Amino acid sequence: MPLSRRRLFQAAGATVALSAAGQVIGTSPALAALPWARSDIGVSAYEFDLGQVRLTSGRWLDNQNRTLSYLRFVDVDRLLYVFRANHRLSTNGAAANGGWDAPSFPFRSHMQGHFLTAWAQAYAVLGDTTCRDKADRMVAELAKCQANNGAAGFTSGYLSGFPESDITALEHRTLTNGNVPYYCLHKILAGLLDVWRLIGNTQARTVLLALAGWVDTRTSRLSASQMQAMLGTEFGGMNAVLTDLYQMTGDSRWLTTAQRFDHAAVFNPLAANQDQLNGLHANTQVPKWIGAAREYKATGTTRYRDIAANAWSITVGAHTYANGSNSQAEHFRAPNAIAAHLNRDTGEACNTYNMLKLTRELWLLSPARADYFDYYENALLNHLIGQQNPADAHGHVTYFTPLNPGGRRGVGPAWGGGTWSTDYNSFWCCQGTGIETNTKLMDSIYFHNGTTLFVNLFVPSTLNWSQRGITVAQTTSYPVSDTTSLQVTGNVSGSWTMRVRIPAWTQGATISVNGVRQDVTTTPGTYADLTRSWTSGDTVTVWLPMRVAMKVANDNPNMRAVTYGPVVLSGDYGNTSLSSAPTLVLSSIARAGTSSLAFTATANGASVRLEPFYDAHGRNYVVYWNTTGQVGAGEPALGIQNMSTTDGGLANTSQGAPVVLADDNGSNNNLGRFL
């Protein structure tokens, strides 16, 4: 594989080693992504390259390392099986995969695009040459498949694990085998784009442009009504990836092709801010909304922005559970129907993965909107971090996150079944998005605009702000602790601003520098601006007092989830089966110690242990409790026992006042101010 100019520059030192503790440690310098040909319109904040931020400790790093171990392990020849077989090439003796990549499965070959993206991200983050080489090899072999289209009877540029005749049937609305062809092609296109952009692989660009050209040719010959009819079948984020290709190349051909995938039946109600999501397959919709956000940034057409923003507000406000997830049996239900659908098949992980992408796109347009990242933190911490099985060395994941009383993680899809994902016999959509999630956990901690630094997430990490010669090291055990410290070193001199998110769930937050409290406004649900003349070594300490609060189900004021700061707590029920939600005595909730987020409470007359929901693995749990008659509108707040912080002080106190239980009544997108 020819080296790009970028790779020649990076070749020295781009290695990965294993520490004595078994953690994967990147030793390469930060790797810069190839630049976009076109700048996004309307943005007011900018991302750092993936390689500029490193996780340094904690659960997020553990998740990353387990996924990285899997990415380094998986056999490229097995992943190539369905492509080679479909394009009439030898499978080289490789074993076929099972699950959603089995040779007979309708939409085989979607997972490979996720692997391309995850490998590219692992290289961009850590300089992992094993992942880079796997991506390079897969691209080279996919190019051979694409080059054999004549012998296979396919049109030039086509690339897939299923025959092109499925596309013809899709266009004629006669496809009956369950395939979702453009959903799969979106994943391949996105993976190739990421390998080109993040690794610098020019062959990926060649294969990508040929496949995108095939998409243009196929769709350009359809009438508008034929195209809209075809969009009734799930097509992933085709509008998003083709818009990205336009932004990457500057070639308007790709924007024209992208806009053919604007689904009027979904976009028109959202442009009018109408919630018509009930009954729609949830993850079919969210990628379209991401595409709308990307199309706004490419064109400046405000209708696209409105579609994306309205979709976010409607989904988060009326269709989202306490842990940031949405959907039941993969579908949106009636607006505000939360308690009515607390089943084993809630919280499809793909939906949350895509909602986080949408949230990020919208926040870059409106970086004063702290509520975007309040949601982002909630969904990432309380859904996707816990999606991964911490006992699995390869970081396998659950498809659904059950929210029924006595639920238990490890639930696969109705079609494909199983519990946790596996090395080769599942390859569900949620496994694909899972490996992407856990190779880019650092991508939304910090952002910048000129000399302003945004701190959105509180995660142990190091930022190499190489454009300014500044390093920011964030040290914290958050959310176990309610403080985080950010030390700035390097060329920090001069006056500039650090903007720190103050979550809506806190009260009385403070910001100190070198131990001295600063006169900075810290209104919950906003950003605090710390502007000063900096000195190398300055340490910023952010205190975000935490308290127990309740998140109320939109459709039932008696059904509530317990939270502590940003953390959703769940009850540990071991192997006990439950047929209904236990009744929780709210005044009984007490923190068991200061070194962990362990709480005790009384429910149905018995003691129960409460713990962070992301740690509820290998046991049955309760997230939503029956709280009939214990706290109602207008009633006084209740004191909570033993609510102390890690430094021994009372959490969220003023002059030693007792901690109070607060109630979130489900309004304001489930992120409203506590009463």
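Throughout this talk, contact means heavy atoms within 4.5 Å. The structure before you is a predicted model, and I shall take its elements in turn.

I begin with Thr117, a residue of helix α4, which covers residues 111-126. Which residues does Thr117 contact, leaving aside its neighbours within four places in sequence? They are Ala190, Gly191, Asp194 and Glu436. The relative accessible area of Thr117 is 2%, and because buried means under 20%, Thr117 is classed as buried.

Three of those partners carry numbers that fall in helix α8, residues 181-199, so let me turn to that helix. How does the span of α8 compare with what 1.5 Å a residue should give? For its 19 residues the expected figure is 27 Å, and the end C-alpha atoms are 27 Å apart, so the two agree. α8 is mostly covered, with 19 of its 19 residues buried. Just after α8 comes Gly200, where phi is positive, at about 90°.

Next, helix α2, made up of residues 59-73. From its first C-alpha to its last, α2 reaches 21 Å; its 15 residues would be expected to give 21 Å at 1.5 Å a residue. This helix too is described as mostly covered, although here the count is 11 buried residues of 15. Among the buried residues of α2 are Arg59 and Arg66, together with Trp60, Leu61, Leu68, Tyr70 and Leu71. Asn63, Gln64, Asn65 and Thr67 also belong to that buried set.

I come now to a pair of packed helices. Two packed helices are described by the angle between their axes and the distance between the axes. For α13, residues 264-271, and α14, residues 282-299, the angle is about 65° and the axes are 11 Å apart. That angle makes α13 roughly perpendicular to α14. The crossing of α13 past α14 is right-handed. On the α13 side, the contact is made by Val266, Phe267 and Leu270; on the α14 side, by Gln285, Lys288, Trp289, Ala292 and Glu295. Sorted by class, this contact has five nonpolar residues, one polar residue and two charged residues.

The loop that precedes α13 deserves a word. Phe261 is found there, between α12, residues 252-259, and α13. Is Phe261 buried or exposed? Its relative accessibility is 0%, and it therefore counts as buried. Not counting residues up to four places away in sequence, Phe261 touches Tyr182, Val215, Thr219, Met227, Leu231, Phe235, Met238, Asn239 and Leu242. Phe261 is also 27 residues along the chain from Lys288, with 8.4 Å between their C-alpha atoms. Lys288 was named a moment ago as one of the α14 residues in the contact with α13.

Helix α15 follows. Its 17 residues should span 24 Å at 1.5 Å a residue, and the end C-alpha atoms are 24 Å apart, so this helix agrees with expectation. The buried residues of α15 include Tyr304, Ile307, Asn310, Trp312, Ile314, Thr315 and Gly317. What covers the buried residues of α15? The cover includes α12, α13, α14, α16 and α17, the last being residues 370-387.

Beyond α15, I would draw attention to some backbone geometry. The loop between α15 (302-318) and α16 (349-365) holds Ser327, and Glu330 is found in that loop as well. Ser327 is not a glycine, yet its phi is positive, at about 85°. Glu330, likewise a residue other than glycine, has a positive phi near 70°. As to accessibility, Ser327 is buried, with a relative accessible area of 3%, and Glu330 counts as buried at 16%.

A further backbone point concerns Pro479, in the loop between β8 (470-475) and β9 (483-490). The peptide bond from Tyr478 to Pro479 is cis, with omega near 10°.

I close with an exposed residue. Arg517 has its place in strand β12, residues 516-517. At 63% relative accessibility, Arg517 counts as exposed, since the cut-off for that class is over 50%. Leaving aside neighbours within four places in sequence, Arg517 is in contact with Thr510, Ile511 and Ser512. The C-alpha atoms of Arg517 and Val540 are separated by 9.6 Å, and the two residues are 23 residues apart along the chain.

How values were computed: Residues are numbered from 1 along each chain as its sequence is written. This is a predicted model: local features need pLDDT of at least 70, side-chain atom pairs count only at pLDDT 80 or more; totals for chains, interfaces and linings use all residues. Side-chain values use heavy atoms; hydrogens and water are left out. Helices (H or I, at least four residues) and strands (E, at least two) are DSSP runs, numbered from the N terminus. Buried means under 20% relative accessible area, exposed over 50%, partly exposed in between (1.4 Å probe, protein chains only). Axes are lines fitted to C-alpha atoms, for helices over the stretch in contact, and angles run from 0 to 180 degrees between N-to-C directions. Angles under 35 degrees count as roughly parallel, over 145 as roughly antiparallel, 65 to 115 as roughly perpendicular and the rest as oblique. A crossing is left-handed if the near helix is turned anticlockwise from the far one by less than a right angle, and right-handed if clockwise. Ala, Val, Leu, Ile, Met, Phe, Trp, Tyr, Cys and Pro count as nonpolar, Asp, Glu, Lys and Arg as charged, and the others, Gly among them, as polar. The expected span of a helix is 1.5 Å times one less than its number of residues.
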